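Q: Please take a close look at one part of this model, the central region of its sheet. I would like a connected account of how that part is paired, what covers it, and how its surroundings are held together.

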Amino acid sequence: MKDAFGIPQSLLVLGGTSEIALATARRLVVRRARTVWLAGRPSPALESAATQLRSLGAEVHTVTFDALDPGSHETVLGKVFAEGDIDMVLLAFGILGDQAHDEREPVAAVRVAQTNYTGAVSAGLVSARALQSQGHGSLVVLSSVAGERARRADFIYGSSKAGLDVFAQGLGDALHGTGVHVMVVRPGFVRSRMTAGLEEAPLATTPEAVATAIELGLRRRSETVWVPGALRVVMAAVRHLPRGVFRLLPL
């Protein structure tokens, strides 16, 4: 169970090699978390992440999970929940894709959508049902400010995150009053492997800063977390710009 400050003792990470997820796991392990499940495709990176968290004192398990195989999600995640209650599920998997390439190759674009949205819908619903069955827990969903308004530079990725964001909000409403808390996290540009080589956007942040915001959001039982917080105001303005004006912005 979570402590009085909302910090989980047990954590399931869907997307076990995500830099944001690992920064969050490290922070929570230092605070209180003792059991961590890292779910992802088998790889040296997944094992390295597990070793890193074990060095901080956590009991860490790895589990094979593929966002693109929703038919396996119920079985794979069911086995994790069968081992004991999970206080928090962090849905952190996703791919950025290559906008220019993906516009020319629709199959590649579909892979972005299937990973970021379809896979997340499946894993999110399976996790939500398990959390509801145990009567408590948090589902933390990594969305993105890219989903707030379509941009020429990344509308394929942005559309997948827009769908995920709306899904997570609706799921939070559906679970209200059940003991399950859904929190949507909307980071801006995050300096990470995923964005390496890309031009840095204003108000860029780091995985560690996102992890800090997630912890604070858990303590406050927030439903939406912006990282950095100033993006809430910025995106409120951006959403209401006339389309003709928005097209002229260097975005």
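A: A suitable point of entry is Leu139, whose bridge partner in S6 is Val182. The model is a predicted one, and the description below should be read in that light.

The pairing around S5 comes first. S5 and strand S6 (residues 180-187) run parallel and are joined by 6 bridges. S4 also runs parallel to S5, and 4 bridges join the two. In this second pairing, Leu90 stands opposite Val140 of S5. Both pairings belong to an open sheet of 7 strands with parallel pairing, in the order S3-S2-S1-S4-S5-S6-S7. S3 and strand S7 (224-227) occupy the edges, each with a single partner strand, so one side of each has no neighbour in the sheet. From one strand to the next, the twist averages 15 degrees.

The burial of S5 can be followed residue by residue. In a regular strand, side chains alternate between the two faces of the sheet. In S5, Gly137, Leu139 and Val141 lie on one side, Ser138, Val140 and Leu142 lie on the other, and all are buried. With 6 of its 6 residues buried, S5 is therefore largely enclosed by the rest of the structure.

Ser138 deserves separate mention. This residue is found in S5 and counts as buried, at 0% relative accessibility. The side chain of Ser138 is joined to that of His181 by a polar contact of 3.2 Å.

Helices pack on the sheet in this region. H5 touches S1, S4, S5 and S6, and its direction makes about 165 degrees with that of S5. Helix H7 (residues 207-220) lies across S4, S5, S6 and S7 and runs at about 150 degrees to S6.

H3 provides a further view of the packing. Its buried residues are His73, Val76, Leu77, Val80 and Phe81. They cover an arc of only 130 degrees around the axis, which places them on the same side of H3. The spacing follows from helix geometry: an α-helix has 3.6 residues a turn, so residues three or four places apart point the same way. The buried residues of H3 pack against strand S1 (10-14), S2, S3, strand S4 (88-91) and helix H5 (106-134). Lys79 and Ala82, on the other side of H3, are exposed. Just after H3, Gly84 adopts a positive phi of about 150 degrees.

The loop that follows S5 brings in the charged pairs. Side chains of opposite charge can pair when their charged atoms come close. Arg152 and Glu103 meet through their side chains in a salt bridge of 2.6 Å, N to O. This pair links distant parts of the chain, with Arg152 in the loop between strand S5 (137-142) and helix H6 (155-175) and Glu103 in helix H4 (residues 99-104), 49 residues apart. Arg152 counts as exposed at 59% relative accessibility, whereas Glu103 counts as partly exposed at 36%. A salt bridge of 3.0 Å, N to O, also joins the side chains of Asp154 and Arg151. Asp154 is buried, with a relative accessible area of 12%, while Arg151 is partly exposed, at 28%.

Another salt bridge connects loops elsewhere in the fold. Asp66 pairs with Arg41, their closest N and O atoms being 3.1 Å apart. Asp66 lies in the loop between strand S3 (59-64) and helix H3 (73-82), and Arg41 in the loop between S2 and H2, so the pair ties together parts that are 25 residues apart in sequence. Both partners are partly exposed: Asp66 has 25% relative accessibility, and Arg41 has a relative accessible area of 44%. The structure holds 11 salt bridges, and Arg27, Arg31, Glu215 and Arg219 are linked in a network of them.

Pro42 offers a contrast with the buried strand. Pro42 is placed in the loop between strand S2 (35-40) and helix H2 (44-54), and its relative accessible area of 60% makes it exposed. The C-alpha atoms of Pro42 and Gly135 are separated by 31 Å, the two residues being 93 residues apart along the chain.

Methods. Residues numbered from 1 in each chain as written. Predicted model: local features only at pLDDT ≥ 70, side-chain atom pairs only at ≥ 80, totals over all residues. Heavy atoms only, no water. Buried < 20%, exposed > 50% of the residue type's maximum accessible area, 1.4 Å probe, protein only. Salt bridge = Lys/Arg side-chain N within 4 Å of Asp/Glu carboxyl O. Polar contact = N/O pair within 3.5 Å; in protein donor to acceptor, adjacent residues only side chain to side chain. Arc of directions from axis to C-beta. Contact = heavy atoms within 4.5 Å. Pairing = 2+ DSSP bridges. Axes fitted to C-alpha atoms, helices over the stretch in contact; angles between N-to-C directions.
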